[in-house]
Amino acid sequence: MQAHEAAAITIAEYDRMAAAFRRGTADHDVSQNIEALLEAIEGEAPHAILDLGCGPGRDLRRFTALGHEAVGLDGSIELVAMARAETVCEVLHQDFLALDLPPARFDGIFANASLFHVPSSQLARVLRELAATLRPGGVLFCSNPRGRNEEGWADGRYGCFHDLETWRTYVTGAGFRELRHYYRPPGRPRAQQPWLATVWRKGAPTRG
């Protein structure tokens, strides 16, 4: 199956389950992830944040409440409609495989439970496009379900479940350097932490 066909099927599934998805994720606490992004952004607030895969707008509301300029993006028109109705933010309707983003626009990108839907054959290109829309020194936050580099279908949606080393290879190859990583939910044994969170800065490593 071609990557764009897999993306279209995945988006259609999110359209179908949009109301249930909103109910099921409304109370998820991702404050640790939001703080990880904001703490890594240099310069004075407010910051321009792209919420990549914003869903119905839960985290857009949080960024706005903290005083930042948040822009949402999602491939599901149903979720985009919810986010537009429930926030004051600009929300873009774009497929991750066909991004159309302005250069050097954002201080940070919040990719919470979203980039794992990008097929591995397209991931390097998508990450380069995200780097291009970040300002110099901008920050990319990612949280993805981790695995042993499996790729395929789960619950009607396509996903890639990378381990840390493989994920590092993709993201550093797109021009980012790693700032930190951690596993979620916090306070549990590693076997009970299915999520890998990583924080990256645009640009090459500093030379001593």
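The largest cavity in this predicted model has a volume of about 60 Å³. One cavity of 30 Å³ or more is counted in total. Its lining consists of Phe116, Asn144, Pro145, Cys160, His162, Trp167 and Leu196. By class, 5 of these residues are nonpolar and 2 are polar, with no charged residue in the lining.

The largest pocket has a volume of about 900 Å³. It is lined by 42 residues, of which Tyr14, Phe21, Asn112, Ala113 and Phe116 are the closest to its centre. Phe116 also belongs to the lining of the largest cavity. Helix H1 (3-16), helix H2 (18-25), helix H4 (58-65), E5 and strand E7 (157-161) each give at least two residues to the pocket lining. The two linings divide by class as follows.

| Site | Volume | Nonpolar | Polar | Charged |
|---|---|---|---|---|
| Largest cavity | about 60 Å³ | 5 residues | 2 residues | no residues |
| Largest pocket | about 900 Å³ | 20 residues | 13 residues | 9 residues |

The strands include an open sheet of 7, in the order E3-E2-E1-E4-E5-E9-E8, and the pairing is mixed. Strand E3 (90-93) and strand E8 (176-184) each have a single partner strand, so they form the edges and one side of each lacks a neighbour in the sheet. From one strand to the next, the twist averages 15 degrees. E8 pairs with strand E9 (residues 195-202) in the antiparallel sense, over 8 bridges. Tyr182 stands opposite Ala197 in E9.

Two helices that pack on the sheet are H3 and H6. Helix H3 (residues 31-40) touches strand E1 (48-52), strand E4 (106-112), strand E5 (134-145), E8 and E9. The direction of H3 makes about 160 degrees with that of E8. H6 likewise touches E1, E4, E5, E8 and E9, and its direction makes about 140 degrees with that of E5.

H6 also meets another helix. The axes of helix H6 (residues 120-133) and helix H7 (residues 164-173) come within 8 Å and cross at roughly 40 degrees. H6 is therefore oblique to H7. On the H6 side, the contact is made by Ser120, Leu123, Ala124 and Leu127; on the H7 side, by Trp167, Tyr170 and Val171. These residues divide into 6 nonpolar and 1 polar, with no charged residue. Trp167 of H7 is also one of the residues that line the largest cavity.

Technical notes
Residues are numbered from 1 along each chain as its sequence is written. This is a predicted model: local features need pLDDT of at least 70, side-chain atom pairs count only at pLDDT 80 or more; totals for chains, interfaces and linings use all residues. Side-chain values use heavy atoms; hydrogens and water are left out. Axes are lines fitted to C-alpha atoms, for helices over the stretch in contact, and angles run from 0 to 180 degrees between N-to-C directions. Helices (H or I, at least four residues) and strands (E, at least two) are DSSP runs, numbered from the N terminus. Angles under 35 degrees count as roughly parallel, over 145 as roughly antiparallel, 65 to 115 as roughly perpendicular and the rest as oblique. Contact means heavy atoms within 4.5 Å. Ala, Val, Leu, Ile, Met, Phe, Trp, Tyr, Cys and Pro count as nonpolar, Asp, Glu, Lys and Arg as charged, and the others, Gly among them, as polar. On a 1 Å grid over the protein atoms alone, a cavity is a set of points where a 1.4 Å probe fits but cannot get out, and a pocket is an open set with protein on both sides within 12 Å along at least five of seven lines; lining residues have an atom within 4 Å of a point. Grid points are joined across faces, edges and corners, and a volume is the space filled by probe spheres set on the points. Two strands pair if DSSP finds at least two bridges between them.
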